[in-house]
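I set out to record what can be read from this model, entry by entry. The notes begin with the overall fold and end with the aromatic rings.

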Amino acid sequence: MSLRNLLPTRQGSFSPAPSRYPLALILLTIAGVVFRSEIALLIGAHTLWNLLFRRRFALSTVIFSGAVGLIIGLSLTVPTDSFFWQQSPLWPELSAFQYNILQSR
């Protein structure tokens, strides 16, 4: 659903509409927070490419869209996972990162 907003808008065009990029960034951030943190690599690479080489949007747009996606994603996943795992507060992606990377297990 979010990648649809990154596709070209009309035939013969090779770039998406700049107005649709913030929605795609918000949806990808929510997916990264809720499901898999590896999506951050996709988000980061695509955003850096567009910021540095295409200059289609401002840095403030990226920060705002990322913050909105982060807040929505965390507000969905933390209460849900905390309820089902009976630990409060619990963000599974952060717990997995701490276990795998920081504790080297």
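Entry 1: contacts and overall fold. I took two residues to be in contact when heavy atoms of theirs lie within 4.5 Å. The model is a predicted one. Among contacts in the protein chain with a separation of 6 or more, I noted that residues 24 or more positions apart account for 46%. I then looked up the secondary structure, which comes to four helices and zero strands. Along the sequence, the pattern is α-α-α-α. Of the 105 residues in the protein chain, 29% are buried. I recorded an exposed area of about 7,500 Å² for the protein chain, with 68% of it supplied by carbon and sulfur atoms.

Entry 2: helix 1. I turned to helix 1, which spans residues 21-34 and has 14 residues. From first C-alpha to last, helix 1 reaches 20 Å, close to the 20 Å expected at 1.5 Å a residue. Is helix 1 mostly covered or mostly uncovered? I found helix 1 mostly covered, with 10 of its 14 residues buried. Among the buried residues of helix 1 are Tyr-21, Ala-24, Leu-25, Ile-26 and Leu-28. The list for helix 1 also includes Thr-29, Ile-30, Ala-31, Gly-32 and Val-33. I asked what covers these residues, and the cover includes helix 2, helix 3 (59-85) and helix 4 (92-102).

Entry 3: the nonpolar core. Which residues form the largest nonpolar core? I listed six: Tyr-21, Leu-25, Leu-28, Ile-43, Phe-57 and Val-62. Helix 1 gives the most to this core, with three residues. As general background, I noted that nonpolar side chains tend to be buried together in soluble globular proteins. I then followed Leu-25 through its contacts, leaving aside neighbours within four places in sequence. Leu-25 is in contact with Ile-43, Thr-47, Val-62, Ser-65 and Gly-66. Two of these partners, Ile-43 and Val-62, are listed in the core as well.

Entry 4: Thr-29 and Gly-32. I picked out Thr-29, a residue found in helix 1. Thr-29 has a relative accessibility of 12%, so I count Thr-29 as buried, the cut-off being under 20%. Not counting residues up to four places away in sequence, Thr-29 touches Ile-43, Gly-66, Gly-69 and Leu-70. Ile-43 and Gly-66 also appear among the contacts of Leu-25.

Gly-32 lies in helix 1 too. At 12% relative accessibility, Gly-32 counts as buried. With residues up to four places away in sequence left out, Gly-32 touches Ser-37, Ile-39 and Glu-93. I also looked up the spacing of Gly-32 and Gly-73, which are 41 residues apart along the chain. The C-alpha atoms of Gly-32 and Gly-73 are separated by 8.1 Å.

Entry 5: the loop between helix 3 and helix 4. I examined the backbone here. Which peptide bond is cis? The bond from Ser-88 to Pro-89 is cis, with omega near -20°. Pro-89 lies in the loop between helix 3 and helix 4. Gln-86 is found in the loop between helix 3 and helix 4 as well. I noted that phi of Gln-86 is near 60°, a positive value in a residue other than glycine. Gln-86 counts as exposed, at 64% relative accessibility.

Entry 6: aromatic pairs. How many aromatic pairs does the structure hold? I found two. The rings of Trp-49 and Phe-53 have their centres 4.6 Å apart and their planes at 45°, so I entered this pair as tilted. Both Trp-49 and Phe-53 lie in helix 2 (residues 39-54), four residues apart, about one turn of the helix. In general, an α-helix has 3.6 residues a turn, so residues three or four places apart point the same way. Trp-49 is partly exposed, with a relative accessible area of 47%, whereas Phe-53 is exposed at 59%.

Phe-83 and Phe-84 form an edge-to-face pair, 5.2 Å centre to centre with 75° between the planes. I checked the accessibility of both rings' residues. Phe-83 is exposed, with a relative accessible area of 54%. Phe-84 counts as exposed at 62% relative accessibility.

Technical notes
Residues numbered from 1 in each chain as written. Predicted model: local features only at pLDDT ≥ 70, side-chain atom pairs only at ≥ 80, totals over all residues. Heavy atoms only, no water. Phe/Tyr/Trp six-rings, centres within 6.5 Å; stacked < 30°, edge-to-face > 60°. Helix = DSSP H or I, 4+ residues; strand = E, 2+ residues; numbered from the N terminus. Buried < 20%, exposed > 50% of the residue type's maximum accessible area, 1.4 Å probe, protein only. Expected span 1.5 Å × (residues − 1). Core = buried A, V, L, I, M, F, W, Y, C linked by side-chain atoms within 4.5 Å. Areas by Shrake-Rupley, 256 points an atom, 1.4 Å probe, with all protein chains shown as cover.
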